[in-house]
Amino acid sequence: MKKRYEAIDGLRALACIGIVAMHMKENLSFQLEGFLFDKFIPSLTNLVFLFMVISAFGMCCGYFDKMIDKRLDIVSFYKKRYQKILPFFAFLCIIDLAMNPSLESLYEVFANLTLCFGLIPNAKISVIGVGWFLGVVFAFYLLFPFFCFLISSKTRAWFALAVSLVMNYICNVYFGAGRTSIVYCFVFFMAGGIVYIYRDRIMQIRGIRWISLAAVLVVTVLYYTYLHNILIILLIDVFALIYAMSIDGKTILNNAFVRTIGGISFEIYLCHMVLFRVFEKTKLLKVISNEYVSYVLTVLVVLISSSIFAVLFKKAMDVIEQKLKR
């Protein structure tokens with residue numbers, strides 16, 4: 001039986017909530033001041049990289065051994081990826097197109113529906129703009145067999161990590177490619193893979209839970225005071241993942257609420273801006289004069305409505321699937 005690291009769902013939930021809070025801050029015309037609103041919340045945009053680290057680790061938990069042992073049905077593997085992602089994403093794209101119809105949007109919807117739009121160089125797709133993350137993750141799925149080859153040897157894995165870190169730097173300073181590029185982001189997937197291949201040894205370290213938590217806190221302080229760079233973000237993400245792996249029993253990262261949010265975090269991420277635009281058009285976000293209170297309420301409303309939307313869509317798809325089988 002493979003071990004299930006339940007607290008990682010909690011980590012996904014916190015990352016999802018943080019990204020929603022960041023997007024609300026960036027899209028609301030509120031004059032909010034202080035460290036929390038000037039630095040901390042805007043920096044939560046980097047939580048997308050934590051999702052990448054977690055995604056690589058989770059994919060390895062499910063498929064690495066099967067891939068290496070040649071027991072993975074590659075057709076079923078990619079069919080499952082499309083079946084899991086495409087219906088919800090396609091539905092959101094149609095809603096977005098209906099809200100902002102144009103020939104350009106139609107082109108972008110077509111590219112989105114292939115799920116391969118992450119391979120387009122410097123694509124700036126506005127239909128489900130947050131979907132750039134899906135483009136990068138799906139490109140990682142396409143590369144997953146190669147990724148398994150890279151981490152099948154510890155020496156090769158560390159070499160690939162070093163190369164991907166250098167490529168991240170070169171993408172930034174020379175090629176002008178940012179986070180929407182799989183090459184720029186590949187170092188985060190590599191980090192998740194390396195944590196996976198050392199997972200048993202890591203969990204054998206005495207006091208690893210408190211060591212990893214202390215490391216997260218120390219590196220986070222460094223990030224906000226001196227070293228605002230990709231390597232520091234990478235270390236925060238790795239130590240956060242190790243901390244979540246080390247948790248047994250109920251905590252803030254392992255309870256029914258965060259596991260539920262974590263289980264639909266990807267759907268919340270994809271749909272929250274669509275729902276925000278709906279609320280924005282209906283003027284429901286400006287009923288309170290106090291901007292700080294209004295901001296908090298907006299985050300809560302968008303989170304709750306996105307969660308309900310994701311759950312209802314999943315249930316509807318389950319009903320449709322059952323009827324098709326009959």
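Buried here means under 20% relative accessible area. Keep that cut-off at hand for the exercises below, which all concern a predicted model.

**Exercise 1. Describe helix H4: its span, its bend and its buried residues.**

Solution.
- Step 1: begin with the ends. H4 covers residues 74-99, which makes 26 residues, and its first and last C-alpha atoms are 37 Å apart, close to the 38 Å expected at 1.5 Å a residue.
- Step 2: look at the start. There, a side-chain oxygen of aspartate 73 comes to within 3.1 Å of the backbone nitrogen of valine 75.
- Step 3: follow the axis. You will find a kink of about 35 degrees at leucine 86, shortly before proline 87.
- Step 4: apply the cut-off. The buried residues of H4 are Phe77, Arg81, Ile85, Phe88, Phe89, Ala90, Leu92, Cys93, Asp96 and Leu97.
- Step 5: see what lies over them. The cover includes H3, H5 (103-114), H6 (132-142), H7 (144-151), H14 (265-281) and H15 (291-325).

**Exercise 2. Do the same for helix H3, then relate H3 to the largest nonpolar core.**

Solution.
- Step 1: H3 has 22 residues and reaches 30 Å between its end C-alpha atoms, close to the expected 32 Å.
- Step 2: its kink, of about 50 degrees, is centred on cysteine 61.
- Step 3: count the buried positions. They number 17 of the 22, so H3 is largely enclosed by the rest of the structure.
- Step 4: turn to the core. The largest nonpolar core has 120 residues, and the members touching the most others are Phe140, Phe147, Phe189 and Tyr295. H3 (residues 47-68) contributes the most to this core, with 16 residues.
- Step 5: check what comes after the helix. H3 is followed by lysine 70, which has a positive phi near 60 degrees.

**Exercise 3. Which residues does tyrosine 295 contact, leaving aside neighbours within four places in sequence?**

Solution.
- Step 1: recall that Tyr295 is one of the core members with the most contacts to other members.
- Step 2: select the atoms around the side chain and backbone, using heavy atoms within 4.5 Å as the contact limit.
- Step 3: read off the partners: Ala21, Met22, Met24, Lys25, Leu28, Phe30, Leu32, Phe37 and Ile41.

**Exercise 4. Classify the ring pair of phenylalanine 133 and tyrosine 269, and place the pair in the fold.**

Solution.
- Step 1: the structure holds 32 aromatic pairs. In this one, the ring centres are 5.4 Å apart and the planes meet at 65 degrees.
- Step 2: planes over 60 degrees apart count as edge-to-face, and that is the class of this pair.
- Step 3: locate the partners. Phenylalanine 133 is in H6 and tyrosine 269 in H14, so the pair ties together parts 136 residues apart in sequence.
- Step 4: test burial. Phenylalanine 133 has a relative accessible area of 4% and is therefore buried; tyrosine 269, at 4%, is also buried.
- Step 5: try a second pair. Tyrosine 223 and tyrosine 224 have ring centres 4.9 Å apart and planes at 85 degrees, so they too are edge-to-face. Tyrosine 223 is buried at 5%, whereas tyrosine 224 is partly exposed at 25%.

**Exercise 5. Is glutamate 267 buried or exposed, and what does it touch?**

Solution.
- Step 1: find glutamate 267 in helix H14.
- Step 2: its relative accessibility is 10%, so it counts as buried.
- Step 3: beyond four places in sequence, glutamate 267 touches Phe88, Ala310 and Lys314. Phe88 is itself among the buried residues of H4.

**Exercise 6. In the loop between H5 and H6, examine phi and burial for leucine 115 and isoleucine 128.**

Solution.
- Step 1: leucine 115 has phi near 65 degrees, a positive value in a residue other than glycine.
- Step 2: with 0% relative accessibility, leucine 115 is buried.
- Step 3: isoleucine 128 also has a positive phi, near 55 degrees.
- Step 4: isoleucine 128 is buried, with a relative accessible area of 4%.

Terms used: Residues numbered from 1 in each chain as written. Predicted model: local features only at pLDDT ≥ 70, side-chain atom pairs only at ≥ 80, totals over all residues. Heavy atoms only, no water. Core = buried A, V, L, I, M, F, W, Y, C linked by side-chain atoms within 4.5 Å. Buried < 20%, exposed > 50% of the residue type's maximum accessible area, 1.4 Å probe, protein only. Helix = DSSP H or I, 4+ residues; strand = E, 2+ residues; numbered from the N terminus. Expected span 1.5 Å × (residues − 1). Bend = angle between axes of the 7 residues up to and from the residue. Polar contact = N/O pair within 3.5 Å; in protein donor to acceptor, adjacent residues only side chain to side chain. Phe/Tyr/Trp six-rings, centres within 6.5 Å; stacked < 30°, edge-to-face > 60°.
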